[in-house]
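Biologist: I should like to learn how to read a structure of this kind. May we go through a few features together?

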Amino acid sequence: MGQNNTGFTATGLRRLREVLARHVDSGKIPGVVALVSRGGHTHVEALGTMQHDGGAPMRRDTIFRMASTSKPVSIAAAMVLLDECRLRLDDVVDPWLPELAGRRVLTRIDAELDDTVPARRPITVRDVLTSTFGLGMDMTALGTPILNAIFERGLTPNLPTEVPEQDEWMRRLGELPLMYHPGEQWQYQISSDLVGVLVSRVTGQTFEDFLRERIFEPLGMTDTGFHVPADQIDRLPTLYAPDPATGEFLAWDEPKNGRWSAPPAFQGGGGGLVSTADDYHAYFRMLLNGGTHQGRRILSRPAVELMTTNRLTPEQNAARTALATNAVHISFGQGQQGGWGMGMAVRTYRGDYAPIGQFGWDGGSGTSAYADPANQLTGILLCQLGYSVPSPAHLMNDFWTTLYQATDA
């Protein structure tokens with residue numbers, strides 16, 4: 001089959017729809033919105049419904065909780081500050097984040113919180129932007145004193161304490177020792193939230209206001225933010241975390257009076273954004289365009305290249321790969337790309353159908369967004385199903401497998 005002037009084969013797009021429909025028809029995925037684009041052509045599929053037992057149909061403009069797929073977008077605020085020399089990569093963060101001055105580091109990952117040594121050096125901006133500042137969510141270290149303390153202080157979303165406003169969040173963070181010396185090891189999540197605090201303190205604005213002014217509004221991302229306004233709440237589906245044993249659909253977050261129905265105390269770049277397929281497409285297409293959108297420059301080309309190229313040393317990458325491959329029973333295979341840039345994964349080896357250089361990330365609420373410079377391809381897949389069951393990961397895997405076959409030309 002020819003390409004039909006869309007960047008994809010007609011057969012491939014038909015198969016893509018069939019594969020998505022198979023997941024929805026199975027009863028395991030209530031509804032899905034998928035957007036694929038290549039070479040200036042965009043194709044969207046919206047299948048299923050907003051609730052698992054029916055309700056309104058999924059639509060192209062449905063608003064989704066992006067969860068960790070927030071990370072590749074929220075990092076852009078920091079890149080603007082690098083471009084404008086308001087931040088430098090090797091600046092010590094102490095002037096803006098004094099709570100993190102004079103760090104101490106655990107003698108080993110499972111040590112008691114007072115079993116520490118002084119950090120070898122202060123934390124730098126580079127450490128924060130590359131997720132190597134010394135604290136994070138290590139799922140292989142659950143039950144250790146440090147992870148228990150992180151959860152108890154509300155330093156991660158809804159586990160089990162509400163996340164406080166940013167100054168209190170920083171105060172609580174500053175009470176803890178680091179798990180690793182600054183720059184030593186890649187670690188997940190907390191750095192992405194810390195980026196937002198850093199941006200807010202450098203600019204004197206809220207993180208959301210700065211993102212809106214410099215990223216969302218210039219890109220036309222009108223439905224992206226940290227909550228859904230009351231007059232738009234009907235566009236937000238229910239988020240489910242099915243029972244792993246029975247598969248029963250348990251509502252983790254309802255639209256009305258839910259976690260995203262009002263502005264949060266903490267604007268979390270690690271997982272707090274809501275958005276749409278078209279908003280995310282505008283952002284990832286801007287990255288593929290080297291930082292421009294409709295002739296307007298959003299980020300410099302070198303900033304985009306820095307974000308979307310692996311920043312980890314071979315030793316750091318080995319630790320990240322070990323985490324992904326050893327926790328495959330928890331992640332259902334996600335996270336095995338190898339490298340990490342700033343705020344996003346960067347594929348450093350060919351472990352599946354996507355080529356080296358593809359960048360983006362997935363979210364634990366059933367979201368996935370990646371761009372691929374080699375094929376000038378963007379794919380965005382959005383459902384609202386937590387990773388308590390493998391269904392969303394299976395859906396994502398089949399989406400990417402089918403999408404890459406549809407580029408045959």
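The dialogue below takes up strand pairing, exposure and side-chain contacts.

Modeller: Please note at the outset that this is a predicted model.

Biologist: How does one read the pairing of strands, and in which sense do E1 and E2 pair?

Modeller: Two strands pair if at least two bridges are found between them. Here, E1 and E2 pair over eight bridges, in the antiparallel sense. Within this pairing, valine 36 stands opposite histidine 43 in E2.

Biologist: How many residues lie between the strands in the hairpin of E1 and E2?

Modeller: That hairpin has two residues between its strands, and glycine 39 takes a positive phi near 55 degrees there. A further hairpin, through two residues, joins E2 to E3. E2 and E3, the latter covering residues 54-57, are antiparallel and pair over two bridges. Threonine 49 has proline 57 in E3 as its bridge partner.

Biologist: Is glycine 40 buried or exposed?

Modeller: Exposed means over 50% relative accessible area, and buried means under 20%. Glycine 40 has 79% relative accessibility, so this residue counts as exposed. Its place is the loop between strand E1 (31-38) and strand E2 (41-51).

Biologist: And is serine 131 buried or exposed?

Modeller: Serine 131 counts as buried because its relative accessibility is 5%. This serine is in the loop between helix H4 (125-129) and helix H5 (145-152).

Biologist: With which side chain does the side chain of serine 131 make a polar contact?

Modeller: The partner is the side chain of serine 191, at 2.9 Å. Beyond its neighbours within four places in sequence, serine 131 is in contact with several residues, including Trp186 and Trp340.

Note on methods
Residues numbered from 1 in each chain as written. Predicted model: local features only at pLDDT ≥ 70, side-chain atom pairs only at ≥ 80, totals over all residues. Heavy atoms only, no water. Helix = DSSP H or I, 4+ residues; strand = E, 2+ residues; numbered from the N terminus. Buried < 20%, exposed > 50% of the residue type's maximum accessible area, 1.4 Å probe, protein only. Polar contact = N/O pair within 3.5 Å; in protein donor to acceptor, adjacent residues only side chain to side chain. Contact = heavy atoms within 4.5 Å.
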